[in-house]
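These are my notebook entries on one structure. I set down what I looked up, topic by topic.

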Amino acid sequence: MKISVIGTGSFGTSLAMVLVDNGHDVHIYGRNKAVVDEINTQHTNNSYLKDVFIPESVKAVSSMEDSIQHAEVVVLAVPVKAMRKVTQELHQHLKVMGKKVLLVHVAKGLELDSHLRVSEIISEETNEETVKDICVLSGPSHAEEVARKAPTTVSAASVGPDGAKIIQDVFMNQYFRVYHNDDMTGVEIGGALKNIIALAIGVLHGLNFGDNAKAAIITRGLQEIARLGTRMGADPLTFLGLTGMGDLIVTATSMHSRNYRCGIMLAEGRSVEEAQKEMGMVVEGVNTTRAAYELATQYKVEMPITEVLYKYLFEDISQEEAFYALMMREKTGETDDLKEVLQQQYK
Ligand SMILES: NC(=O)C1=CN([C@@H]2O[C@H](COP(=O)(O)OP(=O)(O)OC[C@H]3O[C@@H](n4cnc5c(N)ncnc54)[C@H](OP(=O)(O)O)[C@@H]3O)[C@@H](O)[C@H]2O)C=CC1
Ligand SMILES: O=C(CO)COP(=O)(O)O
């Protein structure tokens, strides 16, 4: 199959490598000419994936138009904040070419202000003239490990009935196992919101709060993700799967995670801006914390960890105040809110 990957960052590059391994004809589009040249001539992308050899069959181009010229599937591997602009441009090119493609995005976050999920942004900027279906591929999948063919499992979901299974076939191989899931909302919400919890755990790690606290934030974090997600229409079971618990574990426990590392830098005293700049790669959890905090208010869902992290990031509350706000919250039962979620879903 002819496939175009949009974005020469860490995940776009590693997914292009999976796709050429599967025998597809892959073009990867990058706006940075130096990165495109490095991929084509050195067969590396050292700013994003250190010490990885990229097969010569991955062809990088610096024109989006050229990259999608003959593509049947387009993989969108850019940060959420770039998604609307990139999708607008893609739609215009496809319209002029009179072409229709299957779109799959891999971004994990929510748009600031609109609070939209990524598939909703894409749907606003495209139509059935240019797009066959909109899909998402998500799950525990650090680019660094995918690039070295370490065993990885992810899940695909789609807006329409067929896209997810096509994407499953396109990506699946012996080291990259793909499931399908019919809960687009749950898959996207789990992938987006786990970044908030990973950022919070990074802060805890940096402050040396210990493993008990990390386990607490992972467990209670998953519950608040499920609480908001279910109110937004997701299936609660999705949050126990790869795109929920799975991605939360990998992001909140690994030094590969930019969100986790960003949290550590914040605990060491860097500002949010300094930490993001030093990372040099996207930290989706920062904007997603703001969007999720606003959504929690809108849906009247309790999300204490998100709320405290929001105040820590944007309102400068102290570590002591953050700690006190979580530990001395009003007493609750451990599973009361989950029972409510499940009763609503399965009544
Ligand atoms: N890295 C990972 O392990 C995983 C990441 N993801 C998700 O995938 C998404 C992308 O992440 P990742 O690849 O890691 O991010 P990186 O920061 O590594 O790379 C982002 C890429 O997007 C490009 N880009 C940004 N804005 C634009 C634009 N307007 N037009 C064209 N290209 C643009 C950047 O180009 P430039 O170099 O010019 O800045 C860069 O190539 C995120 O939402 C992330 O959460 C999902 C699973 C795993
Ligand atoms: O989503 C990821 C792994 O599944 C990557 O997380 P980070 O963006 O925190 O690196």
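The entries below cover the domains, the ligand shell and the nonpolar core.

Basis. I worked from a predicted model, in which local features need pLDDT of at least 70, side-chain atom pairs count only at pLDDT 80 or more, and totals for chains, interfaces and linings use all residues. Residues are numbered from 1 along each chain as its sequence is written, and chains are lettered from A and ligands numbered from 1 in the order in which they are written.

Domains. I found the chain divided into domain 1 (2-182) and domain 2 (192-346); these bounds come from an automatic or database domain assignment. Their C-alpha centres lie 26 Å apart. The contact (C-beta atoms, placed from the backbone, within 7 Å) takes 22 residues from domain 1 and 22 residues from domain 2.

Ligand 1. I then asked which residues come nearest to ligand 1. Of the 28 residues around the ligand (C-beta atom, placed from the backbone, within 6 Å), they are Gly9, Phe11, Ala82, Ala107 and Met281. Domain 1 and domain 2 each give at least three residues to this shell. Helix α4 supplies the largest share, 4 residues; helices are DSSP runs of H or I, at least four residues, numbered from the N terminus.

Core. I looked up the largest nonpolar core, a set of buried Ala, Val, Leu, Ile, Met, Phe, Trp, Tyr and Cys residues joined through C-beta atoms within 7 Å. Buried means that 20 or more other C-beta atoms, placed from the backbone, lie within 10 Å of a residue's own. Among its 108 residues, Val75 and Cys135 touch the most other members. Helix α8 (residues 184-206) gives the most to this core, 13 residues. Both domains contribute residues, so the core lies between them.

Technical notes. Helix = DSSP H or I, 4+ residues; strand = E, 2+ residues; numbered from the N terminus. Buried ≥ 20, exposed ≤ 12 C-beta atoms within 10 Å, placed from the backbone. Contact = placed C-beta atoms within 7 Å.
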